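Hi there,

Here is the structure I promised to pass on. Have a look at it first, and my notes on its salt bridges follow below.

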Amino acid sequence: MTEQVYSEIERVIKQSGTPVKTQIKNVSPGMLKGKKKFLLVSGVLKQYVIGICAEAYGSYLCVDIYLTKEPNFLDNIRGALTWVGSKNATMASQVVHSVNLDVFNSQELDNFWGTTSASVEEALQSLGLKGNQRGFGNIA
């Protein structure tokens, strides 16, 4: 069933015409952790990726969606400055405000998340899956 879910989500996303790319990839949160299959969606803001994971959990099919950001060199420096700045409230405030997106990028990120999560919901509905708080019952 998970392959059907991924295929249907990809179909709905492509049909929507949104400026995104999809790929299925096995990902891991760290070098020593296991891997899970995710449908990864990337958009105009390349550092942001939406990961969608569908997996059996007992007699449920859980579909989770995550918005992630790839850290870059400046993010690493900001992280260090935030740690140092935590000792100085004024400096910490300046560092936090410097990582905010401008209004256009904020709008782009909101559109990216909104249209992708709506596509996931539409795909699940088209497969006849009704969601509840923890997943989709008795179809795994």
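Below is what I found on charged side-chain pairs.

Please keep in mind that this is a predicted model. It holds 3 salt bridges, and I will take them one by one.

Let me start with Lys37 and Glu3, whose closest N and O atoms are 2.8 Å apart. This pair links distant parts of the chain: Glu3 belongs to helix H1 (residues 2–16) and Lys37 to strand S2 (residues 36–42), with the two positions 34 residues apart in numbering. Lys37 is partly exposed, at a relative accessible area of 33%, and Glu3 is also partly exposed, at 40%.

Strand S2 turns up again with Lys36, which forms a salt bridge with Glu55 at an N to O distance of 3.1 Å. Glu55 sits in strand S3 (residues 48–57), so this contact ties strand S2 to a part of the chain 19 residues away in sequence. Lys36 has a relative accessible area of 41% and is partly exposed; Glu55, at 25%, counts as partly exposed too.

The remaining pair is Glu8 with Arg11, where the N to O distance is 2.6 Å. Both residues lie in helix H1, 3 residues apart, so about one helical turn separates them. How accessible is each partner, Glu8 and Arg11? Glu8 counts as buried, because its relative accessibility of 13% falls under the 20% cut-off. Arg11, in contrast, is partly exposed at 39%.

Happy to go through any of these pairs with you.

Best wishes

Technical notes: Residues are numbered from 1 along each chain as its sequence is written. This is a predicted model: local features need pLDDT of at least 70, side-chain atom pairs count only at pLDDT 80 or more; totals for chains, interfaces and linings use all residues. Side-chain values use heavy atoms; hydrogens and water are left out. A salt bridge is a side-chain nitrogen of Lys or Arg within 4 Å of a carboxyl oxygen of Asp or Glu. Helices (H or I, at least four residues) and strands (E, at least two) are DSSP runs, numbered from the N terminus. Buried means under 20% relative accessible area, exposed over 50%, partly exposed in between (1.4 Å probe, protein chains only).
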